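User: I am new to this structure. Please choose one part of it, look at it closely, and show me how it fits with the rest.

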Amino acid sequence: MSGRFIVFDGVEAAGKSTQIPIIADWVRARHGEPLVTREPGGTPLAEQIRALTLADHDEVMPLEAELLMMFAARSVHLNNRVGPALDRGQWVLCDRFVDASYAYQGAGQGGFRHQIAWLEEQIVGHRQPECVFIFDLPVDTVIERVRQRRSMDRFDRSDIDFLQRVRDEYLARAATDTHRYCVINASQPVNQVSQTIVDHLEARFA
């Protein structure tokens, strides 16, 4: 049995948290128990870094510090949880990965592309996901859905221009490698989204 690294990424409020348990059940029935995890986070230490990064602070957090904290959490997560699971032959289903850094700290914040690429090479290296599902929604729908949340972190409160840059970056990255990326129309009903993901996984890993 060989492990597979599958990532679910994309704009806020697009339904990733709804789909991941559904796909986990599909994997469980065919390939054994998957590791379901998330970024930033996924281990106790990485979750502490996540909480610190996403919280509001009285003191300004420099954008460089935010980027380094995201990759610090990613390093902990990859080395302590994702890598060992893949070595055991588990499928790993991860909510967000390095594309989120390009979208949020890169395009959203307006820079750092070269720094992100360097950090990706140093920390991620060859441990790249085999398949990345990009959940896509129009930005006005994103804002409408986010406003319905009971609590919001500082990224949830981003303005429409920021969110549009994030969405555009995700779509641009997906267009560079249509074998590894699969863009999901997250406006579809839940069952249609699930079927699209399953069809893609079956075609890739039959």
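Analyst: **A close look at strand β3**

Of the 206 residues of the protein, 51% count as buried. The model is a predicted one. A few lines on the whole protein come before the strand.

The protein has eight helices and five strands. From the N terminus on, the order of elements is β-α-β-α-α-β-α-α-β-α-α-β-α. The radius of gyration is 16 Å, close to the 17 Å that the globule rule gives for 206 residues, so the protein is as compact as a globular protein of that length. Along the principal axes, its C-alpha atoms fill a box of roughly 50 × 35 × 35 Å. The accessible surface comes to about 10,100 Å². Carbon and sulfur atoms account for 51% of that surface. Contacts also reach across the sequence. Among those with a separation of 6 or more, 81% are between residues 24 or more positions apart.

Now to β3 itself. Is this strand mostly covered or mostly open? Strand β3 spans residues 91-95, and five of its five residues are buried. The cover lies on both faces. Trp-91, Leu-93 and Asp-95 are buried on one side. Val-92 and Cys-94 are buried on the other.

Which strands pair with β3? One is β1, residues 4-10. Five bridges join β1 to β3, and the two run parallel. Within this pairing, Arg-4 has Trp-91 of β3 as its bridge partner. Another partner is β2, residues 35-38. Strands β2 and β3 also pair in the parallel sense, here over four bridges. Arg-38 has Asp-95 of β3 as its bridge partner.

The β2 side offers a residue to follow. Thr-37 sits in strand β2. Why does Thr-37 count as buried? Its relative accessible area is 6%, and the cut-off for buried is under 20%. The side chain of Thr-37 also makes a polar contact, at 2.7 Å, with the side chain of His-77. Beyond its sequence neighbours up to four places away, Thr-37 touches several residues of β3: Val-92, Leu-93, Cys-94 and Asp-95 are among them. Gly-42, His-77, Arg-81 and Val-82 are also on the list.

Follow the chain on from β2. The loop between β2 and α2 holds Pro-40. A cis peptide bond joins Glu-39 and Pro-40, with omega about -15°. Gly-41 lies in the loop between β2 and α2 too, and α2 covers residues 44-54. Gly-41 counts as buried because its relative accessibility is 0%. Leaving aside neighbours within four places in sequence, Gly-41 is in contact with Ala-46, Glu-47, Arg-50, Ala-73 and His-77. His-77 is thus named again: it is also the polar partner of Thr-37. Elsewhere, Gly-41 and Glu-130 are 89 residues apart along the chain, and their C-alpha atoms are separated by 20 Å.

Two other loops follow strands of this group. Arg-96 is in the loop between β3 and α4, residues 98-108. Its phi is positive, about 75°, although Arg-96 is not a glycine. Arg-96 is buried, at a relative accessible area of 11%. Ala-13 is in the loop between β1 and α1, residues 16-31. Ala-13 has a positive phi as well, near 60°, and it is not a glycine either. With 16% relative accessibility, Ala-13 counts as buried.

Last, the nonpolar core. How many residues make up the largest one? The count is 57. Within it, Ile-6, Phe-8, Phe-133, Ile-197 and Leu-201 touch the most other members. Leu-201 leads back to the strand. Its contacts, leaving aside neighbours within four places in sequence, include Trp-91, a residue on one covered face of β3. Ile-6, Ile-23, Trp-26, Phe-133 and Ala-206 are also in contact with Leu-201. A second core, separate from this one, has six residues, among them Ile-49, Met-61, Met-69 and Val-76.

In short, β3 is buried on both faces, and it pairs in parallel with β1 and with β2.

Terms used. Residues numbered from 1 in each chain as written. Predicted model: local features only at pLDDT ≥ 70, side-chain atom pairs only at ≥ 80, totals over all residues. Heavy atoms only, no water. Core = buried A, V, L, I, M, F, W, Y, C linked by side-chain atoms within 4.5 Å. Buried < 20%, exposed > 50% of the residue type's maximum accessible area, 1.4 Å probe, protein only. Contact = heavy atoms within 4.5 Å. Pairing = 2+ DSSP bridges. Polar contact = N/O pair within 3.5 Å; in protein donor to acceptor, adjacent residues only side chain to side chain. Rg over C-alpha atoms; globule rule 2.2 N^0.38 Å. Areas by Shrake-Rupley, 256 points an atom, 1.4 Å probe, with all protein chains shown as cover.
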